[in-house]
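Welcome, and thanks for taking a look. Please open the sequence and the model side by side, and we can walk through them together.

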Amino acid sequence: MLTSVIAEHSAKVQAQVAQACIKFDRNPKDITILAVSKTHSAAAIRAVAATGLHAFGENYLQEALLKQKELTDIPTLEWHFIGAVQSNKTRELATNFTWLHTLEREKIATRLNAQRPEHLGRMQVLIQVNVSGEASKAGVAPADVFSLAQQVVQLPNLELRGLMCIPLATDDFALQRQAFEQLRHLRNQLQHKLPDARLDTLSMGMSADLEAAIAEGSTLVRIGSAIFGARS
Ligand SMILES: *Cc1c(COP(=O)(O)O)cnc(C)c1O
């Protein structure tokens with residue numbers, strides 16, 4: 001897709017988020033749009049950055065590292081890893097990303113903590129929760145979130161910021177809200193049990209369900225196709 005069209009889409013998504021904030025009485029300052037750039041080029045990322053977005057989400061490490069190298073001239077970019085984590089890739093993750101949305105194992109947390117370069121400060125992490133209980137989906141079962149969170153908050157080089165989910169895809173607005181409400185409740189319980197942790201982030205909502213997510217308290221929507229177009 002033409003970068004001019006991508007820039008238009010980015011502006012449209014920002015307007016859509018602003019509209020949803022008015023409708024559901026949310027402060028737009030509390031919501032980050034993460035532009036999910038997997039499979040899309042560095043040029044496309046550049047076009048979106050020019051529209052005012054600075055947070056970018058990538059799923060595949062090698063692909064992300066190549067694009068990061070092409071974009072070092074934009075120092076304000078903030079990189080989020082939102083893909084499945086392989087344990088032999090944790091050093092590169094810890095070195096090249098500010099955020100990880102898909103933590104689901106203590107072993108990965110321990111490795112990232114050990115490998116995080118000190119000058120980068122703490123890595124910001126979210127625990128991925130399998131809210132829909134689908135056997136095929138990644139993420140921790142809701143009942144196991146607290147136990148993993150308790151382990152993560154003890155690691156000095158990681159900062160547990162909240163929870164992330166990818167619910168079962170549905171066009172039903174009420175069902176979309178139900179799944180997101182579940183994640184918000186889990187986060188609230190976690191805040192109660194871990195009052196010293198900065199659990200201010202709910203990474204929920206994608207192109208097709210961002211309004212429902214904002215209605216339920218999302219603080220970060222992960223938007224791919226609505227900005228960059230369909231992935232081939
Ligand atoms: C690809 C992806 C997205 C973006 O999905 P769209 O439907 O294209 O907006 C969001 N979150 C995760 C974890 C993804 O892998």
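Which residue is the bridge partner of His 80 in β4? The partner is Trp 99. Please keep in mind throughout that this is a predicted model.

## From β3 to β5

Let us begin with the strands around that pair. Strands β3 (78-81) and β4 (residues 99-103) run parallel and are joined by 2 bridges. Between these two strands the chain passes through α4, and the resulting β-α-β crossover is right-handed. Strand β4 itself is mostly covered, with 5 of its 5 residues buried.

On to the next neighbour: β4 also pairs with strand β5, residues 123-129, in the parallel sense, here over 3 bridges. Trp 99 appears again in this pairing, standing opposite Gln 124 in β5. Helix α5, residues 106-115, carries the chain from β4 to β5, and this β-α-β crossover is right-handed.

## Strand β1 and its partners

Now move to strand β1, which spans residues 32-36. Of its 5 residues, 4 are buried, so the strand is largely enclosed by the rest of the structure. One of its partners is strand β8 (residues 220-223), paired with β1 in the parallel sense over 4 bridges. Within this pairing, Thr 32 has Leu 220 of β8 as its bridge partner.

Strand β2, residues 55-58, is another partner of β1: the two run parallel and are joined by 2 bridges. Here Ala 35 is matched with Phe 56 in β2. Together with helix α2 (residues 42-49), strands β1 and β2 make a right-handed β-α-β unit.

## Around the ligand

If you are interested in the ligand, there are 13 residues around it. Those that come nearest are Lys 38, Asn 59, Ser 207, Gly 224 and Ser 225.

What are the distances in the polar contacts? The side chain of Asn 59 has an N or O atom 2.7 Å from an oxygen atom of the ligand. For Ser 207, a side-chain N or O atom is 2.5 Å from a ligand oxygen atom. Ser 225 takes part through its backbone, where an N or O atom lies 2.7 Å from an oxygen atom of the ligand. As for cover, the ligand has 380 Å² of accessible area on its own, and the protein covers 89% of that.

## The cysteines

How many disulfides does a search of the whole structure find? The search finds 0. Cys 21 is in no disulfide, and its nearest cysteine sulfur, that of Cys 165, is 18 Å away. Why does the sulfur of Cys 165 form no bond with the one in Cys 21? Cys 21 holds the closest cysteine sulfur, but the distance of 18 Å is too far for a bond.

Are these two residues buried or exposed? Cys 21 is buried, with a relative accessible area of 2%. Cys 165 also counts as buried, because its relative accessibility is 0%.

## A loop residue

For a last stop, find Gln 86 in the loop between β3 and α4 (90-96). This residue is partly exposed, with a relative accessible area of 46%. How far apart are Gln 86 and Glu 134 in sequence and in space? The two are 48 residues apart in sequence, and their C-alpha atoms are 21 Å apart in space.

Key: Residues numbered from 1 in each chain as written. Predicted model: local features only at pLDDT ≥ 70, side-chain atom pairs only at ≥ 80, totals over all residues. Heavy atoms only, no water. Buried < 20%, exposed > 50% of the residue type's maximum accessible area, 1.4 Å probe, protein only. Pairing = 2+ DSSP bridges. Right-handed = clockwise from strand over helix to strand, strands pointing away. Near = heavy atom within 4 Å. Polar contact = N/O pair within 3.5 Å; in protein donor to acceptor, adjacent residues only side chain to side chain. Areas by Shrake-Rupley, 256 points an atom, 1.4 Å probe, with all protein chains shown as cover. Disulfide = S-S within 2.5 Å.
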